[in-house]
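The following exercises introduce the reader to one molecular structure. Each task is followed by a solution that proceeds step by step.

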Amino acid sequence: MKHMTRKATRHVNQNEGLIFEKSSAGKAAWKLPPLDVPEVDSAKLLGRSERKDLGHMPEVSEIEIIRHFTRLSTWNYAIDLGMYPLGSCTMKYNPRVNEFVARIEGLANAHPYQPEKVSQGALRILKTLSECLIEITGMDAITLQPAAGAHGEMTGLLMVRAYHQSQGNARKKILIPDSAHGTNPATAAMVNYAVENLKSDSNGMVDIAALEAQMNEDVAALMLTNPNTLGVFEQQIHKIADILHAKGGLLYMDGANMNALVGKARPGDFGVDVMHLNLHKTFSTPHGGGGPGSGPVAIKKKLEPFLPTPVLVTKSDGTLGFEYQRPQSVGRVRAFYGNFGMFVRALAYIQANGPDGLRQTTEDAVLNANYIRKGLEGIYDLPYSTPTMHEVVFSDKLQAKKGARTMDIAKRLIDYGFHPYTTAFPLIVPGALMIEPTESESKEEMDLFIEAMKSIAEEVEEDPQTVLDAPHSTRVSRLDETAAARKPVLRWKP
Amino acid sequence: MRYLPKSPADREAMLKAIGLRSVDELFAPIPGEYRLSRDLNVPRQMAESEIVDYFRQRSRENGEGYTSFLGAGAYSHYRPVIIDALISRGEFLTAYTPYQAEISQGTLQSIFEFQTMICELTGMEVANASMYDGSTAAAEAVMMAVRLTGRRRVVVARSLHPEYREVLATYATHQGMPLGVVGFGDDGQINLQELEKSISAETACVLIQSPNFFGTIEDVAAIAEITHRSGAMLVVSIAEAVSLGIVEPPHEADIIAMEAQSFGVPLGFGGPYCGVIATREKFVRQMPGRLVGQTTDKHGKRGFVLTLATREQHIRREKATSNICTNQALIALMVNIFMTVYGRVGLKELAKQNLAKTAYAAGQFAKHGRVLFAGAPRFNEFVVETAEDPHDINNRLLRHKIVGGLPLKKFYPELGNAALWGCTELTTRSAIDTALRVVAESEGSVQSAKEEAAKEESVEELAR
């Protein structure tokens, strides 16, 4: 390796098999208290429904379980280890006080059906978080029920459909820019809307002329991410909203990139009618290796009758409760009230920040992205020179000449001690490198990142094979994904 | 702000490097009229100690320290301490979806083990990495059956969790999937004659829950026989995962949609929980959600990757099997650790304790109220009908710091003053006895108990 990295060093990590390979009969990690009621004969109670055998479930001791999962954990990269510049994913610090307060007994052990009079604490948290999110987005009302961003999109589009239906015509299609997340078209299909692609202009923004040409009474809504997936703020946002509204359409905003706006601008002020938030992005709840998320949907007044049930209300005696009778509601989108544990964490995050902290957070996130852009401009191709907000998208155009594509550069970044950026997205940039540092990175960490990216660019020129074969320092090298998909092995077998 | 790792000098230096004078210039792309020139009206910045105090106060307003007999899709089981110890490791907690397999093997291998154990417990051949929860898993499983059969009609058991039914109705509205409902008989099980009549050649699937919302274990083999006769698929929802320790899994099902909350996930006022879909290998390409598969690296070393991504939204966009993206990975890890702790023997013993507590409680309640659906086996819930409105009983119980059973009138008006009670291994005999004393305080209940006692005994006799 020609270039040494200052960020990471290789060190020994433990091998570990599958838990089933450690199992043997008679080992146990559990102990039940003595039964304080009479024993029962399960065969007699259950008859032929009685289960006799639990197959190959493991039998292991507690220390083995601790070592097993601890060893596995050391094979993961994580925000706690360093910068995680996945564009569009907003991998920011997950504050530990959030985890602490979510585990306080009366919150962690609250049953969703316990009477409202002994649920006022939980309901107060829902209410306060709702008020904060309404203020942050500049909208009029909110539902916290959706379990993740895509679930929020579905909820939002259900409300869009219900709104149009109430106007006498549900309409037929949703306009979606070619730079959008894959969830947007997939969601439109779930709500039985046709998807019509909307192309971007040379600045990476919505092509206003195309929008004007495509907008008509069949269009229910435009699903727009703002700033968009190039990290570019749609400067014509008001024009976009006007074009939609003139023909009775609605503006849906995918709030995935809300980290660029909190405390600086409010979607409700620039014409958005309905939007979802990702509490696991903007509001610091942990990604946990792929969830849980939480996808509240904030709306303008005219969509309020269509909110999913139940809706949180303040009763005449001042206590909080749920209202279930909502004749125009789109219905329920999940059991109970949403991912409550994530609401606790998001509210703790807002409290730790306050208005000044939230604004500073956004400023730092945008400052960091621009610092990286400045540091790598000229070394990597910047397909759109439009100003960058919270993330910056380069392309592999220069490195591709030597055969190194975005995924190769990403894999090489691993050897330098970083998690890769988002590769090959958005689709409008061939060979995209999508970098979102978030506010959680220090100048020092970003200098190391810029240095690593520069070093890789040099390697591509001088020794491309090193990049093409990367990563070199991980437990496993590049895995055969084709074989995995062709003959899927989806479970262990004895 | 304590989460931000920059000094004013750092910010200055960075602005200078970019060639800007002030941070405001970075926000110039936002038209001036939309730039917020005031503070957000949210709580002021709080110290960590204040935040902890705030949530402790909310906890005290929230039934802290109450004993509960609620189940109904959310169950209070003991959570081994090592679950939180392990999931709190930053490498699990603060990692993203494992798209970069080389530095995500920990998450990937644990999901592979999770998929394996779900298969072992459900008797299915493949399981996904998780869905949002049991309700959305059931709805997605139904949509999967619609894709697989090319038919659109869906038959749903009325004894499926009422909120799951509501969620399915929401999902189905715009998919052109007409829903039919099949009722339950005096034993709490699905009415087989009614089921038979409700299935046609257009029926894509039948969706049932077992143990059902009343805790009653369904005769899955009989339901499957009727369902399959017309070429429809059987989707079985399992809301109480601990039942799998002692109740035979629904082998005859084509798709199982589970809620795994019982396996080490806190009640948490309803979420986050952990849905899962399990099915036959031949249906895997229509299954929604992430899947982890085993493969090898270029040196032949075993490793794991996310696989069959061509089903998913980031590849297929509007043609994907579902729009699901983020799921419940960290919760699935809790479930995984729980299953590992209890394992082959512990899960059975745990389930047996649930059975014993419930048998005791149901037997005691039968002395003071009418225990419905006694003719079929049940797991850890039972329905009690009292002369007194269960809301009034519950109000009295609250004074003893006890949360009583769930009044069912809201969901099942025909069940009158019935309530759904649940016990787990955590329910103590003394709590059962105390609750029972409070229930019995009501003259009316005692009265009805006297009337029903004789009838009840004969029914129980028959069941034996």
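**Exercise 1.** State how S5(B) and S6(B) are joined, and place the two strands in their sheet.

Solution. Strand S5 (residues 203-209) of chain B and strand S6 (residues 233-238) of chain B run parallel and are joined by 5 bridges. Strands here are DSSP runs (E) of at least two residues and helices are runs (H or I) of at least four, numbered from the N terminus; two strands pair if DSSP finds at least two bridges between them. One bridge links Gln209(B) to Ser237(B) in S6(B). The strands belong to an open sheet of 7 strands with mixed pairing, in the order S2-S8-S7-S6-S5-S3-S4 (chain B). Its edges are strand S2 (126-127) and strand S4 (179-182) of chain B, each of which pairs on one side only.

The model is predicted: local features need pLDDT of at least 70 and side-chain atom pairs count only at pLDDT 80 or more, while totals for chains, interfaces and linings use all residues. Residues are numbered from 1 along each chain as its sequence is written, and chains are lettered from A and ligands numbered from 1 in the order in which they are written.

**Exercise 2.** Describe how H6(B) and H7(B) cross.

Solution. The axes of helix H6 (residues 134-149) and helix H7 (residues 162-173) of chain B come within 9 Å and cross at roughly 45°. H6(B) is therefore oblique to H7(B), a class for angles that are neither under 35 degrees, nor over 145, nor 65 to 115. The crossing of H6(B) past H7(B) is right-handed. Residues of H6(B) that meet H7(B) include Ala138(B), Ala139(B) and Val142(B), and among their counterparts in H7(B) are Val167(B) and Leu168(B); such contacts require C-beta atoms, placed from the backbone, within 7 Å.

**Exercise 3.** Is S12(B) largely enclosed or open, and which strands pair with S12(B)?

Solution. Strand S12 (residues 381-385) of chain B has 4 buried residues out of 5, so S12(B) is largely enclosed by the rest of the structure. Buried means that 20 or more other C-beta atoms, placed from the backbone, lie within 10 Å of a residue's own. Strand S11 (residues 370-371) of chain B pairs with S12(B) in the antiparallel sense over 2 bridges, and Val371(B) stands opposite Val384(B). Strand S15 (residues 418-422) of chain B also runs antiparallel to S12(B), with 5 bridges. There, Val384(B) stands opposite Ala419(B).

Terms used: Axes fitted to C-alpha atoms, helices over the stretch in contact; angles between N-to-C directions. Left-handed = near helix turned anticlockwise from the far one by under 90°. Contact = placed C-beta atoms within 7 Å. Buried ≥ 20, exposed ≤ 12 C-beta atoms within 10 Å, placed from the backbone.
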